[in-house]
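Biologist: Please take a close look at one helix packing and describe it with care, residue by residue where that helps. After that, set it in the context of its surroundings, and tell me how far the confidence values let me read it.

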Amino acid sequence: MTTIQIPLPKPIQHTRSLRQRIADNRWVYLFMLPSLVLTLMFTLYPIFASFYYSLFQWSGFTSAPHYIGTLNFSEVIVDNQFYNAFKNSFIFMFCSVPIKLSLALVIAIVLNDRALRLAPIFRTMFFVPVVTTTAIVGIVMTFIMSPFNGPINMIMLDLGVLARPIDFFGDPKLALYSVVGVEIWKWLGIPMIYWLAALQTIPASLYEAAEVDGANWRHKFTYITVPLLKPFAVIIVLITAVGTLNVFALAMTLTGGGPYFASEVMEVYIYRTAFGAANSLTLPRIGYACAAAVYFGLSVMVMATLQLFGARWANKERAGLAAAETTAGGA
Amino acid sequence: MAVKAKRLSNEEHQRRLAIRATRLREIVTTIILTPLALIWVYPFLWMVSAAMKTNNEIFRAGTNLLPNEPTFENFQRAWVQANMSQYFLNTVAIAAGSVFIVVATTSMMGYVLGRYRFPGRRIVIGIFVATVFLPKGYTIIPIFELIGNLGLDGTLFGVILAQSGGAHVIFILLFAGYFGQMPKELEEAAIVDGAGFLRVFFQILLPLAKPVMATVVIMQLIASWNDFLLPLVLTLPRPELRTLSVGMFAFRGEYFTDWSGMAAAATIAIVPIIIVFLAMQRYFIEGIAGAVKS
C-alpha cells in the first residue's frame with residue numbers, strides 16, 4: 001500500500017484547455033460518481049460529522065441537540081470508564097498483534113515448503129475461522145469455553161491438567177485476555193495469507209544457492225527470509241494493527257465488555273454510550289460518545305502515521321548503510 | 001572407468017539422501033501440523049456435532065464429537081421457532097444487494113482509474129488511499145443518523161447502502177490493476193466499429209475482468225454475511241429485519257440453556273458461508289494477498 005502502482009496509459013498531449021479536457025472526459029467523471037458519492041456519504045462525511053456532533057449535548061435521535069462547545073471533550077478526558085476502555089483497546093492490540101503476526105509467520109514459512117504436499121489443506125483449515133460470522137462464532141465460543149460443561153474445560157479436567165474449571169470470560173483478570181485468545185484464533189488466517197504472499201516473492205533459487213554454500217535453516221531465515229520480508233512487514237504490521245482495533249463483534253458477544261467493564265474496549269464503550277443505554281435507566285449520550293470516538297480515532301491515526309514515518313526512516317537508514325557499504329567495498 | 005562409476009554412484013547416493021531428508025521433513029511437519037490444524041477447526045466440529053445432539057447428551061456425554069443418536073429436530077426448532085428462516089432471508093437479501101452495488105461501483109471506478117488520464121485523478125486516488133488508515137466503527141453514529149435522514153431507517157435497503165458505502169479501496173485497486181494491463185487494441189477496434197464509452201466498458205472490457213469480479217463478489221459476500229455492527233444498529237427498531245448474526249445475538253439471552261438449539265442456529269448461519277468459501281477459495285485468497293502486493 002505504500003507504493004500504489006496503477007499502470008498509466010500513455011500521457012496525452014496537454015494542448016487543450018482544462019475545461020475542454022474535463023468535457024472530453026465527462027464519461028469518466030460519470031463513471032466515478034456512484035463510488036465517490038457512496039464513499040463521501042458513508043466514509044468521509046461520518047468522520048467530519050463525528051467532530052460536529054461531539055460539540056452537542058444530545059440524548060437520543062428524536063430529541064433536539066443542544067450546543068455545549070467542547071464540554072464533552074473535557075468531560076471525556078477525565079472519565080474513568082473512557083480511560084479504562086481506551087487502555088483495554090491498546091492492551092488488546094499490543095497483546096494480539098505480536099502473537100498473531102509471529103504465529104502466522106511461522107505457519108506461513110512451514111506451509112511455504114514445497115515438500116509439504118498437504119500444505120493447501122492445512123492452509124484452508126487455518127483460514128476457515130476468518131470467513132465465519134464473527135458474532136456467531138463469539139456465541140459458540142462462549143459455549144466451548146464455558147466453565148459449566150464447556151468442552152475445553154471438560155477435556156482439560158479429564159486429562160488432569162486442571163483441578164477446577166477456568167471461567168475464561170467471567171473472571172475479571174482473565175476476560176480481556178480470553179477475548180484476545182479467541183481473536184488470535186479467529187483472524188490468524190489473514191496475516192498468514194499476507195506472509196505467504198510476501199514469501200512467494202522470494203525466489204527459490206536464493207535458498208538453493210544458500211544450501212549449496214552449506215547454509216542451515218537459521219542462516220537462511222536470518223540472511224534471506226528476514227531482509228526480503230522487511231518491506232512487506234511494515235505494511236502487514238500496520239494493516240493488522242488497525243484491523244485489531246475492530247473487535248466489536250467478538251468483544252460484544254464474548255463478554256459484552258464485562259465482567260464489571262474488565263474487558264470493555266473502545267467500540268463497546270462507544271456503542272454502550274450512544275445506543276446501548278436504550279434498555280437501561282440512563283439516557284443515551286450521542287455527543288459524548290462522538291467525543292470519545294474522536295479522541296480514539298485521532299490516536300489511532302497518529303499511531304499509524306508515526307509507524308509509517310518510522311518505517312520510512314528505517315528504510316532510508318538501511319539504504320544509506322547499504323550505500324556506504326558498497327562504496328567502502330568498492331574502495 | 002572404475003573411479004568414474006564409483007563417483008557417479010556417490011552422486012546418486014547423495015541425491016537419494018537429499019530426497020530422503022525432504023520426505024522426512026515432510027512427514028515430521030505433517031505430524032506436527034495435523035493436531036494443530038484439527039484444534040483450529042475443532043469449534044466448528046463441536047458446533048455441528050452439538051447441533052445433532054440432545055441437550056441431555058451435550059451435558060452428559062460431554063466431549064465425544066459423534067452424537068449417539070443423531071437428531072435433526074434442533075435444526076427444525078431453530079429454523080421455525082427461533083425465526084432463523086426470516087433472518088436467513090434478510091441476510092441473503094442484504095448480501096445480494098451489497099454485492100451488486102459494490103461490484104458495479106468499484107468496477108466502474110477501477111476502470112477509469114486504470115485506463116484513463118484526466119484532471120483530478122490523483123485527488124481521487126488520494127482520497128481512497130487515505131481511507132485505508134481510518135479506523136472504522138467510530139463512524140457508526142453519523143451513519144445511523146444519515147440513514148435516518150434519508151428515510152431509510154428500519155429498511156433492508158438502508159443496511160445495503162451503508163455496507164456498500166465503506167470505501168472498498170482493495171477492490172478498486174484490483175480492478176484498476178486488471179483493466180490497466182489490458183491491451184489498448186481491444187477498445188480501439190470497437191471504437192472504429194462505432195462503439196461508445198458505455199458499450200466498450202459493458203460489452204468488451206467488463207466481461208474480460210471476470211476473475212477480478214469473482215474475487216470482489218466472494219469477498220464482499222463474506223464481509224456482508226458476517227457484518228454485525230451496522231445491521232445491529234440499523235435494525236434496532238425493527239426486529240423482523242435482523243440478520244443471522246444480530247438475530248442470534250438477540251435471542252441468546254432468551255435461549256441460553258438451549259445449547260443444541262443455539263448450535264443448530266449457528267450451524268445454519270455458518271455452514272453455507274464455509275461451503276461458499278471452500279468452493280471459491282482461490283479467488284478469496286488472491287484478493288487478500290492482493291492487499292499486500294499492491
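Modeller: In this predicted model, helix α9 of chain A passes helix α11 of chain A in a right-handed crossing. The part of the chain in question is residues 189-199 for α9(A) and residues 217-244 for α11(A), and the two pack at an angle of about 160 degrees with their axes 10 Å apart. Since an angle over 145 degrees counts as roughly antiparallel, α9(A) and α11(A) are therefore roughly antiparallel to each other. On the side of α9(A), the contact is made by A:Pro191, A:Tyr194 and A:Ala198, and α11(A) answers with A:Leu229, A:Phe232, A:Ile236 and A:Thr240. Sorted by class, this contact has six nonpolar residues and one polar residue, with no charged residues.

The helix α9(A) also packs against helix α4 of chain A (residues 80-111), here at an angle of about 50 degrees and with the axes 8 Å apart. That angle makes α4(A) and α9(A) oblique to each other, and α4(A) passes α9(A) in a right-handed crossing. From α9(A), the residues that take part are A:Pro191, A:Met192, A:Trp195, A:Leu196 and A:Leu199, and they meet A:Lys100, A:Leu101, A:Ala104, A:Leu105, A:Ile107, A:Ala108, A:Ile109 and A:Leu111 of α4(A). By class, the contact of α4(A) with α9(A) divides into twelve nonpolar residues and one charged residue, with no polar ones. A:Pro191 is thus listed both in the contact with α11(A) and in the contact with α4(A).

A helix pair that spans the two chains can be set beside these. Helix α6 of chain A (residues 134-144) and helix α13 of chain B (residues 244-251) have axes that come within 8 Å and cross at roughly 30 degrees, and the crossing of α6(A) and α13(B) is left-handed. Here A:Ala135, A:Ile136 and A:Ile139 of α6(A) meet B:Leu244, B:Ser245, B:Met248 and B:Phe249 of α13(B), and the contact has six nonpolar residues, one polar residue and no charged residues. As a whole, the contact between the chains takes 86 residues from chain B and 86 residues from chain A, and the largest share of the chain B side, 13 residues, comes from helix α1 (residues 2-51) of chain B. That side of chain B has 56 nonpolar, 22 polar and eight charged residues.

It remains to ask how far this can be read. The model scores ipTM 0.84 and pTM 0.84. Chain A has a mean pLDDT of 81, with 87% of its residues reaching 70 or more, whereas for chain B the mean is 84 and 93% of the residues reach 70 or more. Within chain A, confidence is highest in helix α8 (residues 175-187), at a mean of 93, and lowest in helix α14 (residues 286-330), at 71. Over residues 325-331 of chain A the pLDDT is below 50, and this stretch has zero contacts in the model beyond near neighbours in sequence. Where pLDDT is low, the predicted coordinates should not be read in detail. In chain B, the lowest mean, 73, belongs to helix α2 (residues 55-61) and the highest, 92, to helix α4 (residues 84-115) of chain B.

Technical notes
Residues are numbered from 1 along each chain as its sequence is written. Chains are lettered from A and ligands numbered from 1 in the order in which they are written. This is a predicted model: local features need pLDDT of at least 70, side-chain atom pairs count only at pLDDT 80 or more; totals for chains, interfaces and linings use all residues. Axes are lines fitted to C-alpha atoms, for helices over the stretch in contact, and angles run from 0 to 180 degrees between N-to-C directions. Helices (H or I, at least four residues) and strands (E, at least two) are DSSP runs, numbered from the N terminus. Angles under 35 degrees count as roughly parallel, over 145 as roughly antiparallel, 65 to 115 as roughly perpendicular and the rest as oblique. A crossing is left-handed if the near helix is turned anticlockwise from the far one by less than a right angle, and right-handed if clockwise. Two residues are in contact if their C-beta atoms, placed from the backbone, lie within 7 Å. Ala, Val, Leu, Ile, Met, Phe, Trp, Tyr, Cys and Pro count as nonpolar, Asp, Glu, Lys and Arg as charged, and the others, Gly among them, as polar. pLDDT is the predictor's confidence in each residue, from 0 to 100.
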